[in-house]
Amino acid sequence: MLNVPNHVAIIMDGNGRWAENKGMDRFQGHQQGAETARSIIKKSGNLGIKWLTLYAFSIENWARPEKEKSSLFSLMVKSLSEELPLLLKEGIRFRMIGDKKNLPENLIKIIEKAEYITRNNSDLNLSVCVNYSGKNEIIESVNKILKDFIQDRSKRMDDSRDKEKFDFLQLDDSFFKKNMHSSELPEVDLLLRTGGEKRISNFLLWDIAYSELFFTDTLWPDFSNDEFCRILDEFNLRERRYGNV
Ligand code: IPE
Ligand code: IPE
Ligand code: MG
């Protein structure tokens, strides 16, 4: 392997179909999917990948049956509790990206605990997107900027010397990004979706502007470290031109 991408983001899709194909309950697919996630996280750390972002639950996933959602959240609590020692041992910094509102209390608690106790780790930055929407993240950034601007402006209006400066607001890429929930995440180099669908499903819209896209038919529970390495090898063969010739 020549070099590894700085930021890999994965849409972990296909758990339900994996289970249904085997005549199992969808939940068993999610359980097996959690095993795959564990293995890919470990592999990423060993390979020296600095940023790994996993899509675990989208805002649209609220449409699923109650039973599936509650078992998924319980699985997240269980997996995260069990993996905490591994995160610490492997120097992994954990972040959750998404809206904590509406998530079960015990899930928020373990997420916050994991974020806190791993805050000084820096070998691998692991972000898990839960209750996440790429569109909402953009809208929330705009709302935050507007709110700060209006507050700032009304403060400064008292001082007539500053009034001119605040008469208009101009955004640029980096200022906009700074106000996003995922402000610390760098641009995504490699975006991978398992499970055969060729769509983005509202994932990281801003940061995938120049990502290399990879789609595999492999269902997430069957996704292996070997296939991951093959994709990383193929990434090295791609020529990233960024609009240049
Ligand atoms: C991805 O697997 C996990 C979540 C979206 C939570 P799915 O549950 O979407 O699996 P399929 O696409 O139905 O097979
Ligand atoms: C995308 O998978 C979301 C996650 C993997 C968490 P979905 O299964 O929800 O996506 P759609 O509905 O097929 O687009
Ligand atoms: Mg799916």
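This short talk goes through the fold, the core, one strand pair and one surface patch of a predicted model.

Conventions come before the structure. Residues are numbered from 1 along each chain as its sequence is written, and chains are lettered from A and ligands numbered from 1 in the order in which they are written. Because the model is predicted, local features need pLDDT of at least 70 and side-chain atom pairs count only at pLDDT 80 or more, while totals for chains, interfaces and linings use all residues; side-chain values use heavy atoms, with hydrogens and water left out.

Now the overall picture. The protein has 8 helices and 6 strands, taken as DSSP runs numbered from the N terminus (helices H or I, at least four residues; strands E, at least two). Read from the N terminus, the order is β-α-α-β-α-β-α-β-α-α-α-β-β-α. The C-alpha trace spans about 70 × 50 × 35 Å along its principal axes. Of the 245 residues, 45% are buried, meaning under 20% relative accessible area, with exposed over 50% and partly exposed in between (1.4 Å probe, protein chains only). Of the contacts (heavy atoms within 4.5 Å) between residues at least 6 apart in sequence, 76% join residues at least 24 apart.

Next, the interior. The largest nonpolar core contains 39 residues, and I10, F94 and L126 have the most contacts inside it. A core here is a set of buried Ala, Val, Leu, Ile, Met, Phe, Trp, Tyr and Cys residues joined through side-chain atoms within 4.5 Å. Helix α3, residues 66-89, gives the most to this core, with 7 residues. What does F94 touch beyond its neighbours within four places in sequence? Its contacts there are L80, L87, I111, A114, E115, T118, L126 and V128. A second, separate core has 13 residues, including I11, Y132, F203 and I208.

On to the strands. In β3, residues 92-97, 5 of the 6 residues are buried. This strand runs parallel to β4, residues 124-132, and 6 bridges join the two; strands pair if DSSP finds at least two bridges between them. One of the bridge partnerships is R95 with S127 in β4.

Last, the surface. V142, L146, I150, L169, L171 and F175 make a nonpolar patch of about 480 Å². Patch residues have over 30% relative accessible area and no salt bridge; like charges are joined within 9 Å, nonpolar side chains (Val, Leu, Ile, Met, Phe, Trp, Tyr) within 5 Å. A salt bridge is a side-chain nitrogen of Lys or Arg within 4 Å of a carboxyl oxygen of Asp or Glu. Areas are Shrake-Rupley values with a 1.4 Å probe; for residues, only the protein chains shown count as cover. Helix α5, residues 134-156, supplies the largest share, 3 residues. V142 lies in α5 and counts as partly exposed because its relative accessibility is 31%.
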